[in-house]
Amino acid sequence: MFALPFMWRALVTVAVLAVAAGIIGLFISFRELEFVSDGLVHAVFPGLVIGAAIGGTAGLLPGAAVAAILAAILFTVIDRRGGAGTDAAIAVVLTGLFSLGVVLVSKQDGYVSQLQELMFGRLLTVTEAQLWQILVVAVVAVGIVAFTWRAQLFRAFDPAGFESAGFRPLATDITLSIAVALLVVAGVQALGVLMVIALLTVPMAAARLLTRGFALLIPLAILTPLIAGVAGLWLSFELSVGVGASVSPGAVVVLLLVALYGISALVRVLFRRRAVAS
């Protein structure tokens, strides 16, 4: 089945996003930026709608990129303020932006189908041009993190020491947020707004359940969505061809990703019990 062009492109898309998410997800997890990442995913939505309204399919990427970068800077500044109202402020902004996207898309003809596509993605209809766009944006996102790798690690493990050493936390935080935002842009075309959240957070969470070794975290975080991607595409294809059931491949991939997280949690519990017993 993966010899079929649309299945092959879907598989490569999942592989590209898995590698990028595995690398960038390390800092999302260590910095506990899951909620901010959720906000970025929702903030991209109005950019997608505006981009699609202005330029059609070709306008999706530029619209999403502009919205994501602006939201990344905004959320970073809000998060840097700290205090009890930080999460509330981010929640207000992300719900406001997401609602704006829904209002904008509802003004267009056939908005229900457009809303569904933007929310749940079009993994099996990724074109060759979109695949190249996803690859380029993902490489740029990973490149940003690789270029600031040492600073990001220092910031994640010792925030006080990082600032005392003379580094600029705000610049480093904005850099990471922009990388996350670009990864959101890369993934949202294929997986949709809701599915990208799982890709950003679940693989690294599962990896941290399975190992305490730093060197194994990224390989495990890449392998997890790859397994879910291959199995999810195969299962959705079999259900569609064999049973005639129309299912969302992106949703199946995410469900399997969550299932792998559950298995990882179970393995962690079993190993803990064995360690206590011994």
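**Exercise 1. A salt-bridge network**

Arg31 forms a salt bridge with Asp173 in this predicted model. Find how close the two side chains come, where they sit in the chain, and what else joins them.

*Solution.*

Step 1. Take the distance. The closest N and O atoms of Arg31 and Asp173 are 2.9 Å apart. The cut-off for a salt bridge is 4 Å, so the pair qualifies.

Step 2. Place the partners. Arg31 is in the loop between helix H1 (5-30) and helix H2 (34-55). Asp173 is in helix H9. The two are 142 residues apart, so the pair links distant parts of the chain.

Step 3. Look for a second partner. Asp173 also forms a salt bridge with Arg155. Here the closest N and O atoms are 3.0 Å apart. Arg155 belongs to helix H7, 18 residues from Asp173.

Step 4. Join the pieces. Shared partners connect Arg31, Arg155 and Asp173 into one network. A search of the whole structure finds 2 salt bridges.

**Exercise 2. Buried or exposed?**

Are Arg31, Asp173 and Arg155 buried or exposed?

*Solution.*

Step 1. Recall the cut-off. Buried means under 20% relative accessible area.

Step 2. Apply it to each residue. Arg31 has 16% relative accessibility, so Arg31 is buried. Asp173 has 5%, so Asp173 is buried. Arg155 has 11%, so Arg155 is buried.

Step 3. Try Thr172. Thr172 lies in helix H9. Its relative accessible area is 10%, so Thr172 is buried.

Step 4. List the contacts of Thr172. Leaving out residues up to four places away in sequence, Thr172 touches Ala151, Gln152, Arg155 and Phe162.

**Exercise 3. Classify an aromatic pair**

Work out which kind of pair Phe154 and Phe167 make.

*Solution.*

Step 1. Check the total. A search of the whole structure finds 7 aromatic pairs.

Step 2. Use the geometry. The ring centres of Phe154 and Phe167 are 5.7 Å apart, and the planes meet at 75°. An angle over 60 degrees counts as edge-to-face. Therefore this pair is edge-to-face.

Step 3. Place the rings. Phe154 is in helix H7 (residues 149-157). Phe167 is in the loop between helix H8 (159-164) and helix H9 (169-210). They are 13 residues apart.

Step 4. Check exposure. Phe154 is partly exposed, at 29% relative accessible area. Phe167 is also partly exposed, at 40%.

Step 5. Look at other rings. Phe30, Phe157 and Phe214 form one aromatic cluster. A charged group also meets a ring: Arg274 lies over the face of Phe271, 5.9 Å from the ring centre.

**Exercise 4. Test two helices**

Compare the expected and modelled spans of helices H10 and H11.

*Solution.*

Step 1. Start with H10. This helix covers residues 214-243, which is 30 residues. At 1.5 Å a residue, H10 should span 44 Å. Its end C-alpha atoms are 43 Å apart, which agrees.

Step 2. Repeat for H11. Residues 249-277 make 29 residues. The expected span is 42 Å. The end C-alpha atoms are 42 Å apart, so the values agree.

Step 3. Bring in the record. An unreviewed UniProt entry lists "transmembrane region" for several stretches, including 214-237 and 249-271. Over residues 214-237 the chain is 100% helix and 0% strand, with end C-alpha atoms 36 Å apart. Over residues 249-271 the chain is also 100% helix and 0% strand, with ends 33 Å apart.

Step 4. Pick out buried residues. In H10 they include Leu217, Ile218, Ala221 and Pro225. In H11 they are Pro249, Gly250, Val252, Val253, Val254, Leu257 and Ser264.

Step 5. See what follows H10. Gly244 comes next, and its phi is positive, near 80°.

**Exercise 5. An unusual phi**

What is the phi of Glu32, and where does Glu32 lie?

*Solution.*

Step 1. Read the angle. Phi of Glu32 is near 55°, a positive value in a residue other than glycine.

Step 2. Compare with the general rule. Most residues other than glycine have a negative phi.

Step 3. Place Glu32. It lies in the loop between H1 and H2. At 66% relative accessibility, Glu32 counts as exposed.

Step 4. Relate Glu32 to Ile227. Ile227 lies in helix H10 and is partly exposed at 42% relative accessibility. Along the chain, Ile227 and Glu32 are 195 residues apart. Their C-alpha atoms are separated by 25 Å.

Technical notes
Residues are numbered from 1 along each chain as its sequence is written. This is a predicted model: local features need pLDDT of at least 70, side-chain atom pairs count only at pLDDT 80 or more; totals for chains, interfaces and linings use all residues. Side-chain values use heavy atoms; hydrogens and water are left out. Rings of Phe, Tyr and Trp (its six-membered ring) pair if their centres lie within 6.5 Å; planes under 30 degrees apart count as stacked, over 60 as edge-to-face and the rest as tilted. Helices (H or I, at least four residues) and strands (E, at least two) are DSSP runs, numbered from the N terminus. Buried means under 20% relative accessible area, exposed over 50%, partly exposed in between (1.4 Å probe, protein chains only). A charge sits over a ring if NZ of Lys or CZ of Arg is within 6 Å of the ring centre and within 35 degrees of the ring normal. Contact means heavy atoms within 4.5 Å. The expected span of a helix is 1.5 Å times one less than its number of residues. UniProt positions are given in the numbering used here, feature names are shortened, and annotations may be inferred rather than shown by experiment.
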